[in-house]
Amino acid sequence: MPFSRRHLLTTATATVTAGLLLTLSACGSSDDSGKAQGTKASSSSKKSNLIAIITPSPDNPFFKAEGDAAKAKAESMGYKTSVASHDDDPNKQSELIDAAISRHAAAIILDNAGADASIGPVQKATNAGIPVFLIDREINKTGVAKAQIVSNNSQGAQIAAQEFVKAMKEKGNYVELTGLASDTNAGVRSKGFNDVISQYPGLKKVAQQAANWDQQQAFDKMETILQRNPNVQGVIAGNDTMALGALAALKSAKKTGVVVVGFDGSPDAIAKIKAGTMQATALQPAALGAQEAVEQADQFIKTGKTGQPEKQSIDCELVTKANANDFGVFAKK
Amino acid sequence: MTATTTRPSTAARTPILQAVDVTKVYGGTQALKGVSLDIAPGRVMVLFGENGAGKSTLMKILSAVESPTTGHIELDGETVQFGSARDAADRGISIIHQELSLCPNLSIQDNLFLGREQTRRGLVSRTVQREQAKAVLRRLDETLDPDSLVSELRLGQQQLVEIARALLQNARILIMDEPTSALSAPEVEVLFQVIRELTAEGVAVIYISHHLEEALDIADDVAVLRDGSMVATAVADDIDLAWVVRTMVGREQDSLFPAREPTLGTVALETIDLSVADPANPDRLAVDGISLQIRAGETVGIYGLMGSGRTELLECLAGRLPAASGEVHLYGEPLTGSVRQRIQAGVALVPEDRQRDGLVQTMSVGENLSLAALTNFVRRFIVSRAGERSAVESMITNVTVKASGANAPIGSLSGGNQQKVVIGKALMTDPRVLLLDEPSRGVDVAAKADVFEVMAQQAERGLAVLFTTSEAEEALHIPDRLLVLVRGRLVADLPPNEITRDRLMSLADGADTTEEGLQ
Amino acid sequence: MTNTLTTDNASVLQQRRQAAAEARRLKTLNSVFELRAFIALAVLIAVFSLLSDSFLTVDNVITMTKHVAINGVLALGMLLVILKGGIDLSVGSTVGLSGVVAGEALKGLHVSIFGVVAYPPVWAVVVLCLMVGAVIGTINGILITRLNVAPFIATLGMLYVARGAALLISGGTTYPNLGGDPSTHNTGFGWIGADRPLGLPVAIWMMIALAIIVAVLLRSTAFGRWLYATGGNERATELTGVPVKRVKMIVYVISGACAALSGVIIASELTSAAPQAGDSFELNAIAAVVIGGAALSGGRGNVRGTLVGAFVIGFLADGLVILGVSTFWQTFIKGAVIIIAVILDQSQQRFQRRGAAASAVAVATAQPDTELAETRPDHATTSPGASR
């Protein structure tokens, strides 16, 4: 009796799991058809017209915009697409690349999960004859991917910092909030800020704290920093999420007129810029980079060449109140 | 000191192990006060004493689990200082602890060889271990599979495994602290036979037991501890049970069993053809079609061995085990539901294993006492401290708990006083039927008398009292009516003065299949 | 006592004095350890005040306490679960889910049957969030009490389920501008995060109120006693007739609701709600409870200790920020403080046992009976504790 009950339970679990999986795959219908066709194609020519798009977590609107843009572009050019996220887990990224290889994808568009950890998987795809086009983040090796199209973080940080200096009128106390220290972009952006700001002796950095790209951490740390340094005229943050956290802290401390500058160009930040509470942000043209990558992939599939150098950078654009209306979701309208 | 020091036969042989003027202080408690003891090879030394007299402490010092504060231990005439119990074991001293120290998640074999695994080329050799394990179990008359898990064994079997482990170590000195507390009569007989074989080989055995008669059966020498001092030593042949009890507590055993005339009321609890499945083995009935009646004001004792179904019967009545078939009535009303519902209906159980099932060690005496009846003191969601306190204090007086106060941690009490707390907790719920499973287990002589006194008082107040026991003396003296349970069946129902001790024992062993006093 | 034993009398007196002195010494040590979390907090405050004059200002203490409140509210819920001998790993995710629910509700609930959008008032939004937390707790409770899933596993599962639910509802995006809209009469959400009745932020008042409620619950209700008993010996407590399953169920529900409250506080402070909010908050809450002297095995712990634990963690984090210490060191130091706190707790347990033994002797020898007269003088002088 207890055995049969346990057996029943196992069967029930298996049934429910299978049902769930079926439902989920039905939801992801856009790539389901592609899968079927891809398999059919592979039996004859070993190449499908599938473009696999792999990005970090879609929690972040930036990556979502990037993935959406690549998908739309590829589909408009007649490709089938599959969109998946690796959640910044190199292991999961490797599995997703394996899946793309086994489906004989025509190309992979990848926003990778680590400059070193991603070299192996990219090499693996290249060895399998699948061209890989990197967007947003670089890897620490050249000659493996067909293209590395990244937004110019250094340039973006500099234009943001120049706007910051201008708004601060070249003097006053300011705070810098930096991103996750293990992320290369955190360092690049911080360096870009400081390269510009350090030229102005009137600007004094009274505190620098890592808030790990997180809004609530930025809020708590900013509140605490304000206790030590109530006399702050500016905040420059490594991304918009932290800038918004700092804004909330300033609001809670009833401090107005503080210059806040961020990075990324997220829709929330642009809304604050329009409202006048935030000064500026450096918009990373995520959509542009993704579209560029798809175009080059198409070129490569057809001609075997991209016609571009491997390393390409796309300049960021400064968003201020003056031009805020010209921008949509990580792209110029 | 009042020691009657007569030791002709121990003097005849050179002692193998001696405790010389040993004192042990715990924090500030003097557990031993200058105790000396000689252990002769090839003899069984039985140590008597009430709980807290210092027996277990002395054993721990002899086996190097603890080191003495002052004084020393001599092995073969030379002063020794063991670094650890392992050291002592290597010198030939093994101890069987009162508390079982087995790992329930491991097999019998793994437990037997824990820390001394038999290896061949660096790997544990299961074949060698299995053979040795089988041999030692056979010696104890057990046919257990060495690969079965300890958690699957009955308590008595676990105790045998513990004994087997000590035997495997080829000890010259074997210390047994309450080795028979969970063993059935035939198992005890086998153990005694093994002890005799060991002493014939020259092994010295030190033996502690609350079963005074049983211990006296196996004794060659006896020593009596009282309040940390050695009050008497003697040769077993020269003394009797009365002497032991007198020396331990300073009074005769008869005072343990108060005589009383019950005034019987209506039927309080009745079972009709009640059967309970064995929780460890659902295919078997632990209680097999029992019908019985208990009247208000009556004290009924159930005599039965381990596995006779006495615990299962009581746990079923208390609502912890479901009945397989049959009915239970409380004052004519059907009794059903959970433990909680039955407590509310007026049936309270004092469980057999008070550490595991009876007490919350992290709480005080008072908190343990009031736990079951806490809702009685609640006024608008808040527990009334004053109400709780006065109820707890009067209960402490009622059941004669000896503690420094209601706030004393429960762990600071002796076994007997902890048992009184468990009984007090049950009484706080104001029950109409009180069930007690082995209320005298692991309780010293003086506390036993108190426990029986409380039971008698409650019966006088009109409660129906049903208790179990595995001691014939208690079965013959305490209850107004005696039931004998054998393998889940009721074989006797009679006033205890209508049966002899020998007849009771043979009935309970299942050797005698005639039934007594049953319709 | 016979009058012939004068030398023994003297030794008994001496023994009593020594035992009493030992008991006093251990008692002092014990109370020092008892207060170890307070002492740790005092040391932290002293050190930070020395190193920075902006640490110990009224304003900064209020700000830091406000930060503490988020973890404090979580920790009070966690305390109940840990007292039961359980653990709730799902609270961090519940924080995120609660914020998302608030965001969705303030954005307007689409009632599809009527084709209208409902804008619940702010109080209803808060109640809705607390109910969502309670539902997560209820699921935990059902998994643990009815389906016998181990608390660690059940709440680990719910950690992912709740986080997944938050991401699904929000579509992965952050809800900005939770200020509400005057036209839909649901403004005022930011009040919880920004307003300061009687000079203290609402979050602090919430923590104080919750602390009082939990303290009364634990000290003065039958439920509290049942909870301690369940943590101390679940088996015995159940046999005593206590509704153990109901007790277990309730603690998870309360813990879930506390987590939801914490989520509401965060969302209102930021006037935005991110589905990732509250990531790994469960660990901070557990750390606060443990620093506060609670046993993970259950049955031991209190509100006072837990609050102090939350303050130690919070003041440490903010103090290090004020000093400008790098994040790497902040993480390292936090870990070290947790370990030291638990080591101190173990030593306190040891002292407590020894202290109890010594005072037992002092009491016993204060009323010497005839048995004591048999004590031999040469042993009576043995100093208690010398053997250790």
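In this predicted model, strands β14 (residues 267–278) and β15 (residues 281–295) of chain B run antiparallel and are joined by eight bridges. The connection from β14(B) to β15(B) is a hairpin of two residues. At B:D278, the bridge partner in β15(B) is B:N281.

The division of chain B into domains gives this hairpin its setting. Domain 1 covers 4–92 + 171–250, domain 2 covers 103–169, domain 3 covers 254–346 + 431–519, and domain 4 covers 358–430 of chain B. Taken over C-alpha atoms, the centres of domain 2 and domain 3 of chain B are separated by 36 Å.

Chain A may be taken next. This chain contains 11 helices and 12 strands. Its length is 333 residues, of which 52% count as buried. Among contacts in chain A with a separation of 6 or more, 73% are between residues 24 or more positions apart. An unreviewed UniProt entry places the feature "domain: Periplasmic binding protein" at residues 51–305 of chain A. Over residues 51–305, chain A is 47% helix and 21% strand, and the C-alpha atoms at the two ends are 17 Å apart.

Six strands of chain A form an open sheet with parallel pairing, in the order β2-β1-β3-β4-β5-β11. The edges are held by β2 (80–85) and β11 (311–314) of chain A; each has a single partner strand, so one side of each is left without a neighbour in the sheet. On average, and with direction ignored, neighbouring strands of this sheet are turned by 15° against each other. Within the sheet, β1 (residues 50–55) and β3 (residues 107–110) of chain A pair in the parallel sense over four bridges. One such pairing can be followed at the level of residues: A:A52 has A:I108 in β3(A) as its bridge partner.

Helices of chain A contact this sheet as well. Helix α3 (residues 61–76) of chain A packs on the sheet and touches β1, β2, β3 and β4 (132–135) of chain A. The direction of α3(A) makes about 175° with that of β1(A). Helix α11 (residues 286–303) of chain A lies across β1, β3, β4, β5 (147–151) and β11 of chain A. Relative to β3(A), helix α11(A) runs at about 160°.

From chain A the path leads to its contact with chain C. This contact takes 24 residues from chain A and 28 residues from chain C. On the side of chain C that touches chain A, the elements giving two or more residues are α3 (58–83), α7 (190–194), α11 (244–270) and α13 (303–322) of chain C. The largest share of that side comes from α3(C), with four residues. By class, the side of chain C that touches chain A comprises 10 nonpolar, 15 polar and three charged residues.

Chain C also has a contact between its own parts. The chain is divided into domain 1 (16–52 + 348–373) and domain 2 (54–322). Their contact takes nine residues from domain 1 and 15 residues from domain 2 of chain C. On the side of domain 1 of chain C that touches domain 2 of chain C, seven residues are nonpolar, two are polar and none is charged.

Conventions: Residues are numbered from 1 along each chain as its sequence is written. Chains are lettered from A and ligands numbered from 1 in the order in which they are written. This is a predicted model: local features need pLDDT of at least 70, side-chain atom pairs count only at pLDDT 80 or more; totals for chains, interfaces and linings use all residues. UniProt positions are given in the numbering used here, feature names are shortened, and annotations may be inferred rather than shown by experiment. Two strands pair if DSSP finds at least two bridges between them. Axes are lines fitted to C-alpha atoms, for helices over the stretch in contact, and angles run from 0 to 180 degrees between N-to-C directions. Two residues are in contact if their C-beta atoms, placed from the backbone, lie within 7 Å. Ala, Val, Leu, Ile, Met, Phe, Trp, Tyr, Cys and Pro count as nonpolar, Asp, Glu, Lys and Arg as charged, and the others, Gly among them, as polar. Domain bounds come from an automatic or database domain assignment. A residue is buried if 20 or more other C-beta atoms lie within 10 Å of its own, exposed if 12 or fewer, and partly exposed in between; C-beta atoms are placed from the backbone.
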